[in-house]
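User: I am new to this structure. Please teach me how to read its features, one at a time.

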Amino acid sequence: MGTIIVTGGAGYIGSHTILELLEQTDYNIISIDNFSNSNKSSYERVKALSKRGFSTLEFNLCDTEKLNYELDKIDAIIGIIHFAAFKSVPDSMADPLSYYNNNLTSLTNLLSYCQQKNIKHFIFSSSCSVYGNADKLPVTEQTPLKKAESAYGHTKQIGEEVIEFFCKANPDFSTVLLRYFNPVGAHISGKLGELPINKPNNLLPIITQTAVGKNSLTVFGDNYTTRDGSCVRDYIHVSDIADAHVKALNYLIEGKNKTNSSLFNLGTGNGVTVLEAIASFEKVAKKKLNYTIGQRRVGDVEAVYADNFLAKSELNWIPKYNLDDMMLSSWKWQLELENEKK
Ligand code: UD1
């Protein structure tokens, strides 16, 4: 049947994608993760939710020799889904070189291995942060990219370009670049979700931690020119993102791609304000959130949401979950973590 390598498979999106791959395909799945910002327990959680198993390897993808040595032992690799990367905007501003080094070395190492071994299919995690403060909303894949606001965003812009040039030089190679909007939520079982190792910066874990008294939520600005003054984002359920990866993989393997580097936005297409996200959480969790309104956060764009027509029409992908589902699954996951500690 062939093997699919998933890098960063213990991470938030990687673990949900492995679960979807196990459920929806017969491929042999191997995850590579060095747990630099993930937790081994994600593997156990995926295994508990799935009828079949998968293998795991632990090493740093920047270690070229180790990568070649380990991958050489694997039979019939037919594709690589590359999630593993550093992803904190503030950390990337404090230590940009570690971001350029980690995110780009791992990428070029993997592409170089694909080239040597004729592995033809590759899926890359990109981000809506590549659009910056776009002039026109919603953003389509053709919307011109602005100068990156952070070193993290810049590594995603460069990563996309590296792949595009690589594809031009290697016409047999085919890749899908997926620009994620704001992945949130947890598996509907409430048994798998985001496990940030460090203090989270993203809205959803801060909301759910605030609801259990472990954090305090500040809304970053209520004086933007949006309908309620808070920023607008396109929140998308992590299981919908995971499903898009399975569809993208099949799209490549079945040769349905029109170019050898295809690019898709992964968002619902709905712009949601921070205050609307909070209201949805309060409704489904049946809990009032104690939050304050604070200053704007440096580096935040006012509004960004996706035109997702291309992913829907080309990949046959339809996001299943709405905002309330995202909030409820995140809440179930937080309660699961609280229960486990008891
Ligand atoms: C951020 C990154 C993006 C990355 C994504 C990964 C920036 C500029 N962008 O997106 O590149 O791909 O994370 O998940 O950092 N908010 C609050 N209070 C909080 C936390 C967030 O009001 O305590 C607001 C933010 O101002 C923003 C929204 O919630 O309007 C979402 O924030 P966040 O979850 O951090 O994601 P992004 O900043 O959109």
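User: How many nonpolar, polar and charged residues does the shell around the ligand have by class?

Analyst: Start with the classes. Ala, Val, Leu, Ile, Met, Phe, Trp, Tyr, Cys and Pro count as nonpolar; Asp, Glu, Lys and Arg count as charged; the others, Gly among them, are polar. Here the shell has 10 nonpolar, 7 polar and 3 charged residues. The model is a predicted one: local features need pLDDT of at least 70, side-chain atom pairs count only at pLDDT 80 or more, and totals for chains, interfaces and linings use all residues. Residues are numbered from 1 along each chain as its sequence is written, and side-chain values use heavy atoms, with hydrogens and water left out.

User: Which residues come nearest to the ligand?

Analyst: A residue is near a molecule if one of its heavy atoms lies within 4 Å of it. There are 20 residues around the ligand, and L203, T218, R233, R297 and D300 come nearest.

User: Which element gives the most to the shell around the ligand?

Analyst: Elements are DSSP runs, numbered from the N terminus: helices are H or I with at least four residues, strands are E with at least two. β8 gives the most, with 4 residues. Both α7 (203–211) and β8 (217–220) supply at least two residues of the shell.

User: What polar contacts reach the oxygen atoms of the ligand?

Analyst: A polar contact is a pair of N or O atoms within 3.5 Å; within protein, one must be able to donate a hydrogen and the other to accept it, and residues adjacent in sequence count only if both atoms are side-chain atoms. L203 uses a polar backbone atom, 2.8 Å from a ligand oxygen. N182 places a polar side-chain atom 2.9 Å from a ligand oxygen. For S127, a polar side-chain atom lies 3.1 Å from a ligand oxygen. On its own the ligand has 730 Å² of accessible area, and the protein covers 89% of that. Such areas come from the Shrake-Rupley method with a 1.4 Å probe; for residues, only the protein chains shown count as cover.

User: What is the volume of the second largest pocket, and what lines it?

Analyst: Work on a 1 Å grid over the protein atoms alone. A pocket is an open set of points with protein on both sides within 12 Å along at least five of seven lines; a cavity is a set where a 1.4 Å probe fits but cannot get out; lining residues have an atom within 4 Å of a point. Points are joined across faces, edges and corners, and a volume is the space filled by probe spheres set on them. This pocket has about 360 Å³. Its lining has 19 residues, with E141, Q142, S261, L263 and L310 nearest the centre. They divide into 6 nonpolar, 6 polar and 7 charged. α6 (151–169), β11 (261–266) and α10 (309–315) each supply at least two of them.

User: How many cavities of 30 Å³ or more are there?

Analyst: The count is 1. The largest cavity holds about 60 Å³ of space. Its lining includes H82, F83, N103 and K156. α5 (96–117), β5 and α6 each supply at least two lining residues.

User: Why is C231 not bonded to the closest cysteine sulfur?

Analyst: A disulfide is a covalent bond between the sulfur atoms of two cysteines. The cut-off is a sulfur pair within 2.5 Å. The closest sulfur to that of C231 is in C128, 12 Å away, too far for a bond. The structure holds 0 disulfides.

User: Where is the cis peptide bond next to P138?

Analyst: The bond runs from L137 to P138, with omega near -5°. P138 sits in the loop between β5 (121–127) and α6.
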